[in-house]
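Please read the following explanation with the model open beside it, since the text moves from single side chains to a pocket and then to a pair of strands.

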Amino acid sequence: MSYQSPVRVPFVDLALQNQPLQAQLEQAINAVVRQGNFVLGQALADFEASFAAASGVRYGVGVGSGTEAIALGLQACGISAGDEVIIPANTFIATVIGVVKAGAHPILVDCDPQTALIDLRACQQAITAKTKAILPVHLYGQMVSPRRLREFAAAHNLLIFEDAAQAHLAHREGYLAGSVGKAAAFSFYPSKNLGALGNGGMVLTNDAAVAQKMRSLRNYGAPRKYFHVDIGTNSRLDEIQAAVLNVKLPHLGKWNQLRNSAAQEYDAVLKPLRNQGIFPIQNQGGAGHVYHLYIIRVSQECPVDRQTIQDKLATRGIQTGIHYPIPCHLQPAYKYLGYQAGDFPHAETLCQEILSLPMYPGLSNTQIQEVAESLEYLLRTSSPAVIAC
Ligand SMILES: *Cc1c(COP(=O)(O)O)cnc(C)c1O
């Protein structure tokens with residue numbers, strides 16, 4: 001095994017946010033254990049109310065995961081077999097799974113190469129008589145422009161369903177993530193901006209009928225016990241996870257601010273690397289970007305290829321990631337959708353160029369400078385003549 005220095009800049013550090021809350025978390029979990037109601041109890045009702053209120057939305061319905069939140073949320077909005085739903089080609093695969101599990105047909109579109117967000121002009125060309133909804137993904141924590149989204153949806157009579165799994169409490173143009181359209185899906189996977197100690201998700205909506213349908217769908221299709229009006233499924237956010245999330249929610253705003261200032265520090269220290277072909281994904285949303293991830297593009301102009309950069313950073317104790325290496329339309333499971341390489345050139349290029357740098361609340365400026373200096377050093381010391389095969 002080759003020598004690697006100890007991790008100095010981890011990709012994420014969950015202990016940093018959980019440890020100060022350890023006593024409170026144990027207390028909240030113990031309370032659930034003592035009280036003995038583990039599914040659809042008071043902790044969930046409290047969390048649904050507080051997360052919805054924090055996001056400026058009337059109703060929250062907790063489910064088992066973000067993936068289920070998309071699948072059930074679309075169904076609750078009346079999306080069904082034969083309907084087409086427009087989604088970006090560059091997203092986490094769960095966005096596609098959600099649409100397919102709802103019984104609908106995903107129509108993929110390309111992204112804006114600067115922001116990596118769905119390109120509304122490309123959406124326009126994807127509309128057919130069957131198009132029912134647009135499903136924007138607030139990728140990396142930056143919201144797709146709510147103003148432009150709403151204009152677009154209104155012009156084409158489409159429903160908006162947000163995938164806000166990476167954008168808890170993000171805001172833009174006066175809208176909070178989850179409040180832009182008919183309904184929205186969130187994930188509380190441990191590493192999300194608001195993470196449980198296991199899986200969890202939620203649908204937010206201002207529509208009472210959608211909320212009611214959601215409560216039925218997540219609970220065997222039963223609006224009341226042993227009376228089944230929908231096929232539904234079993235997908236509830238359990239009491240222990242809800243109790244954990246009740247402890248963590250009050251800290252979310254502060255954690256998001258820490259992410260945003262870390263991103264600003266990255267922007268500043270990485271600026272000199274632009275002339276070496278290193279470009280951060282653009283923030284066009286301003287202060288409301290909650291930086292679930294901080295991404296740079298290692299462009300064609302960069303003298304060193306991405307894999308080498310990732311490997312060399314690793315030997316210096318700096319962990320990085322790629323979100324995501326293969327666009328959805330080129331994944332084997334979705335061959336049946338009929339897309340090919342070349343269909344979404346911006347998404348495909350991004351997948352080859354993006355690199356996720358360490359990002360979490362509490363990442364220090366010293367660590368960020370360390371990342372920048374390491375990058376600068378390895379670019380300076382690498383021979384541009386070496387081409388990776
Ligand atoms: C995490 C994530 C999901 C899925 O959430 P899970 O809770 O993991 O099922 C959906 N969409 C996006 C963009 C995500 O990042």
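Is Arg147 buried, partly exposed or exposed? In this predicted model, Arg147 has a relative accessible area of 46%, and because the partly exposed class runs between 20% and 50%, Arg147 counts as partly exposed. Its partner in a salt bridge is Glu151, with a distance of 3.9 Å from N to O, and Glu151 is likewise classed as partly exposed, at 49% relative accessibility. Both residues belong to helix α7, which covers residues 146-156, and they lie four residues apart, or about one turn of the helix.

That pair is one of ten salt bridges that the structure holds. Another joins Glu353 to Arg297, whose closest N and O atoms are 3.5 Å apart. Here Glu353 sits in helix α12 (residues 345-353) while Arg297 sits in strand β11 (residues 294-298), so this salt bridge ties together parts that are 56 residues apart in sequence. Glu353 counts as buried at 6% relative accessibility, and Arg297 is also buried, with a relative accessible area of 14%.

A further salt bridge, between Asp119 and Arg121, has its closest N and O atoms 3.6 Å apart. Its two ends fall into opposite classes of accessibility: Asp119 is buried, with a relative accessible area of 15%, whereas Arg121 is exposed, with a relative accessible area of 60%.

From these side-chain contacts the reader may turn to empty space. The largest pocket contains about 420 Å³, and its lining is made up of 27 residues, with Phe92, Ser187, Tyr189, Lys192 and Tyr324 lying nearest its centre. The elements that contribute two or more residues to this lining are α4 (66-76) and α5 (94-101), and α4 gives the most, with three residues. Sorted by residue class, the lining consists of twelve nonpolar, twelve polar and three charged residues. Where does the largest pocket lie with respect to domain 1 and domain 2? Since domain 1 (15-251) and domain 2 (252-381) both give residues to the lining, the largest pocket lies between them.

The last stop is a pair of strands. Strand β1, which spans residues 59-63, is mostly covered, with four of its five residues buried. Its pairing with strand β9 (residues 201-205) is antiparallel and extends over five bridges, and within this pairing Gly60 stands opposite Leu204 of β9.

How values were computed. Residues are numbered from 1 along each chain as its sequence is written. This is a predicted model: local features need pLDDT of at least 70, side-chain atom pairs count only at pLDDT 80 or more; totals for chains, interfaces and linings use all residues. Side-chain values use heavy atoms; hydrogens and water are left out. Buried means under 20% relative accessible area, exposed over 50%, partly exposed in between (1.4 Å probe, protein chains only). Two strands pair if DSSP finds at least two bridges between them. On a 1 Å grid over the protein atoms alone, a cavity is a set of points where a 1.4 Å probe fits but cannot get out, and a pocket is an open set with protein on both sides within 12 Å along at least five of seven lines; lining residues have an atom within 4 Å of a point. Grid points are joined across faces, edges and corners, and a volume is the space filled by probe spheres set on the points. Ala, Val, Leu, Ile, Met, Phe, Trp, Tyr, Cys and Pro count as nonpolar, Asp, Glu, Lys and Arg as charged, and the others, Gly among them, as polar. Domain bounds come from an automatic or database domain assignment. A salt bridge is a side-chain nitrogen of Lys or Arg within 4 Å of a carboxyl oxygen of Asp or Glu.
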